[in-house]
Amino acid sequence: MLKKGLILGAFLLIISQLSRAQTGLVDVQKDTLINLLQEFRAENGINPTTARLMSLSSKVADKKNATRVKKRGFRVQIFSGTNRNDAYATQTRFQRSYKDISSYVTYSEPNYRVKVGDFRSRNDANSFMKVLRSQYSNVFVFTEDIWVYE
């Protein structure tokens, strides 16, 4: 009988604690990418409730009079491996074929990565990735900070 009383007492204690915990407050945990999206929409005057026309052509910047700034954008990775010489050889081969497109070598232990381009839209990066697939293996699009002229 004492055992049933202890179990009943513990059960009532848990129920009372749960009922006190419900104070009407909600803890919202938001992904940091939501803030980036909201900032992007605010900077570019995008209102999700109104329709607008978009131009698919790239804006050509006057690099002599423009300022080079970092923005959130996309790059295409064309190499990932542990050999430094292979990474720089891949970058050199790319630069011979695509003189107007920037390339970047980064090292994050244990891999070297070669990423190319400074694309403002994922669509542009995906289009270029399709071109590169015939020349490089394991080609991927990544979201990261890019350099753009404004």
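Here are some worked exercises on the sheet, helices and charged side chains of this predicted model.

Before we start, residues are numbered from 1 along each chain as its sequence is written, and side-chain values use heavy atoms, with hydrogens and water left out. Because this is a predicted model, local features need pLDDT of at least 70 and side-chain atom pairs count only at pLDDT 80 or more, while totals for chains, interfaces and linings use all residues.

**Exercise 1. The sheet**

Task: Work out in which order the strands form the sheet, and which of them are edge strands.

Solution:

Step 1. Start with the terms. Helices (H or I, at least four residues) and strands (E, at least two) are DSSP runs, numbered from the N terminus. Two strands pair if DSSP finds at least two bridges between them.

Step 2. Go through the pairs. Strands β2 and β3 run antiparallel and are joined by six bridges. In this pair, T106 has R113 of β3 as its bridge partner. Six bridges also connect β1 with β3, again in the antiparallel sense, and F74 stands opposite F119 in β3. Finally, β1 and β4 are antiparallel, with ten bridges between them; here K71 has I146 of β4 as its bridge partner.

Step 3. Put the pairs together. The result is an open sheet of four strands in the order β2-β3-β1-β4, with antiparallel pairing. The edge strands are β2 (103-108) and β4, each of which pairs on one side only. From one strand to the next, the twist averages 40°. For angles, axes are lines fitted to C-alpha atoms, for helices over the stretch in contact, and values run from 0 to 180 degrees between N-to-C directions.

**Exercise 2. The helices on the sheet**

Task: Find which strands helix α3 lies across, and which strands helix α4 lies across.

Solution:

Step 1. Take helix α3 (residues 84-97). This helix lies across β1, β2 and β3, and runs at about 165° to β2.

Step 2. Take helix α4 (residues 122-132). This one lies across β1, β3 and β4, at about 25° to β1.

Step 3. Look at one residue of helix α3, namely Q95. Its relative accessibility is 36%, so Q95 counts as partly exposed (buried means under 20% relative accessible area, exposed over 50%, partly exposed in between, with a 1.4 Å probe and protein chains only). The side chains of Q95 and S103 are joined by a polar contact of 2.9 Å (a pair of N or O atoms within 3.5 Å; within protein, one must be able to donate a hydrogen and the other to accept it, and residues adjacent in sequence count only if both atoms are side-chain atoms). The C-alpha atoms of Q95 and V116 are 9.4 Å apart, with these positions 21 residues apart along the chain.

**Exercise 3. The charged network**

Task: Trace how R75, K115, D118 and E144 are linked, and decide whether R75 is buried or exposed.

Solution:

Step 1. Recall the general idea: side chains of opposite charge can pair when their charged atoms come close. A salt bridge is a side-chain nitrogen of Lys or Arg within 4 Å of a carboxyl oxygen of Asp or Glu. By this rule the model has four salt bridges.

Step 2. Begin at D118, whose side chain meets that of R75 in a salt bridge (2.8 Å, N to O). D118 is in strand β3 (residues 111-119) and R75 in strand β1 (residues 68-81), 43 residues apart.

Step 3. Move on from R75 to E144: these two form a salt bridge with their closest N and O atoms 2.8 Å apart. Since R75 lies in strand β1 and E144 in strand β4 (residues 140-149), the pair ties together parts that are 69 residues apart in sequence.

Step 4. Continue from E144 to K115, a salt bridge of 2.8 Å, N to O. K115 is in strand β3 and E144 in strand β4, so this pair ties together parts 29 residues apart in sequence.

Step 5. Check the accessibility. R75 counts as buried because its relative accessibility is 6%. K115, at 12%, is buried, as is E144 at 17%. D118 is partly exposed, with 23%.

Step 6. Join the links: R75, K115, D118 and E144 form a network of salt bridges.

**Exercise 4. Around E144**

Task: List which residues E144 is in contact with, leaving aside its neighbours within four places in sequence.

Solution:

Step 1. Apply the cut-off: contact means heavy atoms within 4.5 Å.

Step 2. Read off the partners of E144, which are K71, R72, G73, F74, R75 and K115. With K115, the side chain of E144 also has a polar contact of 2.8 Å.
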